[in-house]
Amino acid sequence: RNLLVLNGPNLNLLGTREPAIYGSSTLADVEAAAMAAASAHGWTVDCVQSNHEGDLIDAIHAARGTADGIVINPAAYSHTSVAIPDALSGVELPVVEVHLSNIHRREEFRHHSFVSAVAEVVICGAGISGYRMAVDYLIGSAGQAAE
Ligand code: DQA
């Protein structure tokens, strides 16, 4: 079984980007943490990062039939995109939305995410651990559904 871990714009800069807000972990660290959490349960992870909204949407569409759930940090598109939540609804996979920072402690424009309305779970402010929690949640809930 397999999960898609999708990271949106500017997250390729993790590690050097505003470390006081986002920490010192790199995108590779984030992806490795998600992979380790999944492989502990015998699951695999496909990781995609893009700075382009359409590429994120294509990756969501491609997850239909290849993934059993999606972990997504839509980054700034959380606050602007209707097309990304529409794509997530369209593929009918369980979704966990992750933000490294606590978006509610930050500027007003970050408080609302269009993606949250289509996510089963929203995790923010836990840093890189949020990705582990998201993977554990999706694997755990898939196990319950199989029982
Ligand atoms: C972010 C929060 C967003 O507001 C911001 O635009 C990001 C990263 C986070 O992980 O904390 O790029 O999604």
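Here is a short conversation about the predicted model shown above.

Trainee: How are residues numbered, and which pLDDT limits apply to this predicted model?

Mentor: Residues are numbered from 1 along each chain as its sequence is written. In this predicted model, totals for chains, interfaces and linings use all residues, while side-chain atom pairs count only at pLDDT 80 or more and local features need pLDDT of at least 70.

Trainee: Which residues of helix 2 are buried, and which are exposed on the face turned away?

Mentor: Helices (H or I, at least four residues) and strands (E, at least two) are DSSP runs, numbered from the N terminus. A residue is buried if 20 or more other C-beta atoms lie within 10 Å of its own, exposed if 12 or fewer, and partly exposed in between, with C-beta atoms placed from the backbone. The buried residues of helix 2 are Val-30, Ala-33, Ala-34, Ala-37 and Ala-38. On the face turned away from that buried side, the exposed residues are Ala-28, Ala-36 and Ser-39.

Trainee: What do the buried residues of helix 2 pack against?

Mentor: Contact here means that the C-beta atoms of two residues, placed from the backbone, lie within 7 Å. The partners of the buried residues of helix 2 are strand 1 (2-7), strand 2 (44-49), strand 3 (70-73) and helix 5 (129-146).

Trainee: Why do the buried residues of helix 3 line one face?

Mentor: Helix 3 covers residues 53-63, and its buried residues are Leu-56, Ala-59, Ile-60 and Ala-63. Seen down the helix axis, they line one face because they fall within an arc of 100 degrees. The arc is that of the directions from the helix axis to the C-beta atoms.

Trainee: Which element gives the most to the largest nonpolar core?

Mentor: A nonpolar core is a set of buried Ala, Val, Leu, Ile, Met, Phe, Trp, Tyr and Cys residues joined through C-beta atoms within 7 Å. The largest one has 36 residues, and Ala-34 and Val-71 are among those with the most contacts inside it. With five residues, the element that gives the most to this core is helix 2.

Trainee: How many residues of the shell around the ligand are charged?

Mentor: A residue is near a molecule if its C-beta atom, placed from the backbone, lies within 6 Å of it. Those surrounding the ligand include Asn-10, His-99 and Arg-110. Ala, Val, Leu, Ile, Met, Phe, Trp, Tyr, Cys and Pro count as nonpolar, Asp, Glu, Lys and Arg as charged, and the others, Gly among them, as polar. By class, the shell has four nonpolar residues, five polar and, as charged, one.
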